[in-house]
Amino acid sequence: MSWDQYDMAGGAGGGDAGPPGGFTLPPFPPAPPPGPPVVPAGPADRVRALAVAVLNLSGLGLGYALLRRWFAMVVCWAATAALLVAALPADAEGVSRGVLAAYLAFLALAAVHGARRGLRTPLSRPPRAPIALLLGLVMLAVPAGAVAAYGGAQDEATQKMLLEHLDHADRLVRAAKAKPFAAAQPDYRTALAAYRDLSQNHPGSRAARRVPDRLAAYYTAVGAPFAQKRYCDAIAPLTYLRTVPASYGKPGVGALATWPDDRLATSLYECGVADLAKDPSASGGSGDHLSELLTLFPASPQAAKVEPAVRSTIGGAAAGLHGKDPCSATERLRQLGKRAAALPGDNAGLTAALTKDSRQADGYVESGTYACGVHQYRSGDFPGAVETMNGFAQKYPHDRNRALAQKISIAARVAQVEPAAGHRLPTTASGGSIPITVSNDSPEATEVFFTGPVTGSFTLSACGSCHAYTDAAAGRTSACKSGKNYPKKTLNLPAGTTYFMYTSGEKSSRNTPGGDTVKLQYGYIYTECTFNVNASFSL
């Protein structure tokens, strides 16, 4: 091909000649594809800038879309999507303040940035800025509606959460009802705190509207032992319920504030009266229950029944003085008298009645103590009989049985050395015609006790020149036979068997009582000699 055959426009003929020698130039590289049309900057338009800013506040980047800023629009979508991921599904806690503050800051930044870009950049559509602004204002309804819908969903989640709290408290109450009150009390307190929180801090919630019914069920559960007539077990929970209005708030409790009162009064009465009937050693403190009743509810019908119940119980216990165990009956009456005296009276009439009951019980104790000593003697409890009768004679010096009680004490002491002496209860008989002389060949004063047809005692002074014998055989051989002036006493006793018991009047640590049995007959003169064998007395 010759030079003149080359056509710069791509044709084969005409035009300028090409290079000589048939040299051909390479074709030009293809032109790049056309870019987006360049929109010339127009005059500043504040309405348009405001429209772009308002459209961007919707969170969808619509302002950037009208400016054909596609990347910026996608960034807005991503930010809104991130917010939705963080916020949904709606719960009672809602969106964290950090996430919400970051998103609002982003929207503000997008609005400012879009306003700057839209100040001089024409819109693709709609061409008029006022229409775009109106569209932006309409689009603000989208986030506003979303916020309202989210608020409703969050409120519903909150309602469900509060109902769950209510249900948890109900479960605690149901579980606590099956436990002893001491173990259940922490659960009861936790449930009550939940009810109080719902009622006071969430008063308009569905859960709070259910609290009054739950509170009534709560009182019923705590007071269940009363409904089961377990009155002693009901005292602690009912006492606790009386403290609820102070911690929960009396207006919130309403009529339930007085719900435990009558039940507690009944429980205190029933438990106290039941304890009155128990053996004193097994008593659980019935006086405390009745005292608490008279203190807390002095004008109640239950308090009016306390004194008659105490009086009746004392009368019933007194019947036991003639039974098989007068000692236990006496001790029970002694305790009842103390309880009656300790009970508080809110008026003079009640105080006088309780004082009378206490004195009546003390009167029964006086006769019961004597009956107890007789019972001990006849049962072979001679040490007990000595202690009881000595106490009786000392405490009741004007009692008609005092003299016989002293005789029984003497006979019981003799019977501890000579058991046969305790086969018959002594009498107050005295005198006789058979002489019997008792001498003391002992360096210590000697008390002599005797019982039989006649019962009594006396003391022989110590023999200053006498000494203790090495053994009983030596004493029997030599005692009272040296011609000394021994301390002595002559008794005149009736015929029959008389039992003697000798002991040191000084109550020496070496003292071991000695005893003897003598069958007295008319026509004889009898002598007794006491002497000391090292650590004991003999005859």
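How are helix 10 and helix 13 oriented to each other, roughly parallel or roughly antiparallel? Keep that in mind while you load the model, which is a predicted one.

**Stop 1: the whole chain**

Start with everything on display. You're looking at 539 residues, of which 40% are buried. Switch to cartoon and the secondary structure comes to 21 helices and eight strands. If you like contact maps, here's one number to go with yours: among contacts with a separation of 6 or more, 65% link residues 24 or more positions apart.

**Stop 2: helix 10 against helix 13**

Now select residues 231-241 for helix 10 and 259-276 for helix 13; the two pack at an angle of about 150°, and their axes are 9 Å apart. Angles over 145 degrees count as roughly antiparallel. That settles the opening question: helix 10 and helix 13 are therefore roughly antiparallel to each other. Rotate the pair a little and you can check the handedness, since helix 10 passes helix 13 in a left-handed crossing.

Turn on side chains for the contact. From helix 10, show Tyr231, Cys232, Ala234, Ile235, Leu238, Thr239 and Leu241. From helix 13, add Trp259, Pro260, Arg263, Leu264, Thr266, Ser267, Leu268, Glu270 and Cys271. Colour the residues of this contact by type and you'll get 11 nonpolar, three polar and two charged.

**Stop 3: serine 267**

Stay on helix 13 and pick serine 267. Is serine 267 buried or exposed? Its relative accessibility is 0%, so serine 267 counts as buried. Leaving out residues up to four places away in sequence, serine 267 touches Phe226, Tyr231, Ala234, Ile235, Leu238 and Gly272.

**Stop 4: lysine 229**

Next, go to the loop between helix 9 (224-227) and helix 10, where you'll find lysine 229. Check its backbone torsions: phi is positive, about 60°, although lysine 229 is not a glycine. With 62% relative accessibility, lysine 229 counts as exposed.

**Stop 5: the four-stranded sheet**

Jump along the chain to an open sheet of four strands, in the order 3-2-5-6 with antiparallel pairing. Strand 3 (456-460) and strand 6 (514-520) stand at the edges; each has a single partner strand, so one side of each lacks a neighbour in the sheet. Look at the twist as well: on average, neighbouring strands are turned by 20° against each other, direction ignored.

Zoom in on the middle of that order. Strand 2 (residues 446-451) pairs with strand 5 (residues 496-504) over six bridges, in the antiparallel sense. Label phenylalanine 450 and you'll see it opposite phenylalanine 500 in strand 5. Valine 448 has tyrosine 502 as its bridge partner in strand 5. Follow tyrosine 502 across to strand 6, where its bridge partner is glycine 514. Strand 5 and strand 6 are also antiparallel, pairing over seven bridges.

How much of strand 5 is buried? Seven of its nine residues are, so to speak, under cover: the strand is mostly covered. Now add residues 402-417, which is helix 20. Helix 20 lies across strand 2, strand 3, strand 5 and strand 6, and runs at about 100° to strand 2.

**Stop 6: cysteine 480**

For the last selection, find the loop between helix 21 (472-478) and strand 4 (488-493) and click on cysteine 480. Phi of cysteine 480 is near 60°, a positive value in a residue other than glycine. At 25% relative accessibility, cysteine 480 counts as partly exposed.

How values were computed: Residues are numbered from 1 along each chain as its sequence is written. This is a predicted model: local features need pLDDT of at least 70, side-chain atom pairs count only at pLDDT 80 or more; totals for chains, interfaces and linings use all residues. Side-chain values use heavy atoms; hydrogens and water are left out. Axes are lines fitted to C-alpha atoms, for helices over the stretch in contact, and angles run from 0 to 180 degrees between N-to-C directions. Angles under 35 degrees count as roughly parallel, over 145 as roughly antiparallel, 65 to 115 as roughly perpendicular and the rest as oblique. A crossing is left-handed if the near helix is turned anticlockwise from the far one by less than a right angle, and right-handed if clockwise. Contact means heavy atoms within 4.5 Å. Ala, Val, Leu, Ile, Met, Phe, Trp, Tyr, Cys and Pro count as nonpolar, Asp, Glu, Lys and Arg as charged, and the others, Gly among them, as polar. Two strands pair if DSSP finds at least two bridges between them. Buried means under 20% relative accessible area, exposed over 50%, partly exposed in between (1.4 Å probe, protein chains only).
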